[in-house]
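Q: Could you take a close look at one part of this model with me, the way its helices pack against each other, and then follow the thread out to the salt bridges?

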Amino acid sequence: MASILKVKNLVTKFHTVDGVVNAVNDVSFLLEDGETLAIVGESGSGKSVSMMSIMGLLPMPPAKVEGGQALFNSKDGPVDLIQLPYEAMSDIRGGQIGFVFQDPGTSLNPILTIGKQISETLIRHLGISGREAKDKTVSLLAEVGIPDPTLRFDAFPFQLSGGMRQRVMIAIAVACAPRIVIADEPTTALDVTIQAQIVNLFKELRVKMGVSTIWITHDLGLVAGLADRVLVMYAGQILESAQVDELYENPKHPYTIGLLGALPRLDTQESKRLVSIDGTPPDSTILIHHCPFAWRCAHAFERCWNEKPALTTVGEKHTVACFYAMEEGR
Ligand SMILES: Nc1ncnc2c1ncn2[C@@H]1O[C@H](COP(=O)(O)OP(=O)(O)OP(=O)(O)O)[C@@H](O)[C@H]1O
Ligand SMILES: [Mg+2]
């Protein structure tokens, strides 16, 4: 399958008064055409900063992308999003790459009607007339499940519920038929019923539009029914990646196992203990040259404190960065 986005060796730091925050430490991954990729990990693991780095949305300064590439297969051919000038990036963002953030309350402009906000995106990226943009906006509102779309065109964000505002954000993200949609915790501010509706809406849109999606979440439960493949992030690194079924059935990294709350395996003596992930992630102002999970890992041995494990293939589309998983051959 062809890849639509290839991220290679991404490094992003924040230069703050308290020191240098190593937010993203050498992250590489592929997004395949039409696939839904989930990125999971605890708070502060670098999920959002990775995406912001790719989208040119970091506050710079204090943030700086200090290395790496994000090769996007744009409609005009391959481009490195990291190197793209501001104007070119603004054309791609919202046009060829749509995004939805956690809190639609802060992402929507409070003083513009939702109809105007969607039509402006259409006019800016597709160059269509105001009349056409209005018609298209009404059909987009209907498509994302907003009742009475003609009436709602003139509503301001505060007149809508959180779930409806998130639907508006999704309408903006998919308005220009993007190649990729990046959704960063798009359901965390919503209650469970509305969360499920939004997840279903994404699934429907994916079938209709064939769009590739990156879905960021803490919630591994959501991922099961939604994603094709999962990246597990910790301390600004990817520790494991696998197809979703494989990750649930055969997680390799002690951190992934901890996140999944997996039951202990019965076939080896050693892992009969239930693995827990007590403790907290490392201080991100310290650059770590060994396994970043070693402090919290029940299986850490000498090598884990001396070297940093690289992502290594352990099965079809399954990679893990863990000496224990690799050497002990679990
Ligand atoms: N504006 C900032 N200034 C300094 N450090 C920052 C800033 N924003 C993020 N960071 C740091 O970058 C690292 C990665 O943060 P990021 O927001 O990507 O985490 P996340 O995985 O998205 O977490 P969450 O699940 O809470 O959204 C963290 O150590 C965080 O403290
Ligand atoms: Mg985040």
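A: Happily! Keep in mind throughout that this is a predicted model. A good place to start is Asp135, which counts as partly exposed at 44% relative accessibility. Its side chain meets that of Arg131 in a salt bridge, with N and O 3.0 Å apart. Arg131 is exposed, its relative accessible area being 57%. The two residues sit 4 positions apart in helix 5, so about one helical turn separates Arg131 from Asp135.

Helix 5 also has a helical partner, and that packing deserves a slower look. Two packed helices are described by the angle between their axes together with the distance between those axes. Here, helix 4 (residues 114–126) and helix 5 (residues 130–143) have axes that come within 9 Å and cross at roughly 120°. That angle makes helix 4 oblique to helix 5. The crossing in which helix 4 passes helix 5 is right-handed. On the helix 4 side, the residues that meet helix 5 are Ile114, Gly115, Ile118, Ser119, Leu122, Ile123 and Leu126. Facing them from helix 5 are Gly130, Ala133, Lys136, Thr137, Leu140 and Leu141. By character, the residues of this contact divide into 8 nonpolar, 4 polar and 1 charged.

Leu126 is a nice residue to pause on. It is found in helix 4 and is partly exposed, with a relative accessible area of 38%. Setting aside residues up to four places away in sequence, Leu126 touches Thr121, Lys136 and Cys176. Lys136 also appears among the helix 5 residues in the contact with helix 4. In addition, the C-alpha atoms of Leu126 and Gly95 are 7.9 Å apart in space, although their positions lie 31 residues apart in sequence numbering.

A second pair of helices invites the same reading. The axes of helix 7 (residues 162–174) and helix 8 (residues 192–209) come within 11 Å, crossing at roughly 20°. With that angle, helix 7 is roughly parallel to helix 8. Helix 7 passes helix 8 in a crossing that is right-handed. Helix 7 brings Gly163, Gln166, Arg167, Ile170 and Val174 to the contact, while helix 8 supplies Ile194, Gln197, Ile198, Leu201, Phe202, Leu205 and Met209. The residues of this contact divide into 8 nonpolar, 3 polar and 1 charged.

Now back to the salt bridges, of which the structure holds 8. One of them joins Arg229 to Glu35, and the closest N and O atoms are 2.9 Å apart. Arg229 belongs to strand 9 (residues 229–234), and Glu35 to the loop between strand 2 (19–32) and strand 3 (36–40), so this pair ties together parts that are 194 residues apart in sequence. Both Arg229 and Glu35 are buried. Another salt bridge links Arg303 with Glu307, the closest N and O atoms lying 3.0 Å apart. Arg303 is partly exposed at 30% relative accessibility, and Glu307 is partly exposed as well, with a relative accessible area of 35%.

Note on methods. Residues numbered from 1 in each chain as written. Chains lettered and ligands numbered in written order. Predicted model: local features only at pLDDT ≥ 70, side-chain atom pairs only at ≥ 80, totals over all residues. Heavy atoms only, no water. Axes fitted to C-alpha atoms, helices over the stretch in contact; angles between N-to-C directions. Parallel < 35°, antiparallel > 145°, perpendicular 65-115°, else oblique. Left-handed = near helix turned anticlockwise from the far one by under 90°. Contact = heavy atoms within 4.5 Å. Nonpolar A, V, L, I, M, F, W, Y, C, P; charged D, E, K, R; others polar. Salt bridge = Lys/Arg side-chain N within 4 Å of Asp/Glu carboxyl O. Buried < 20%, exposed > 50% of the residue type's maximum accessible area, 1.4 Å probe, protein only.
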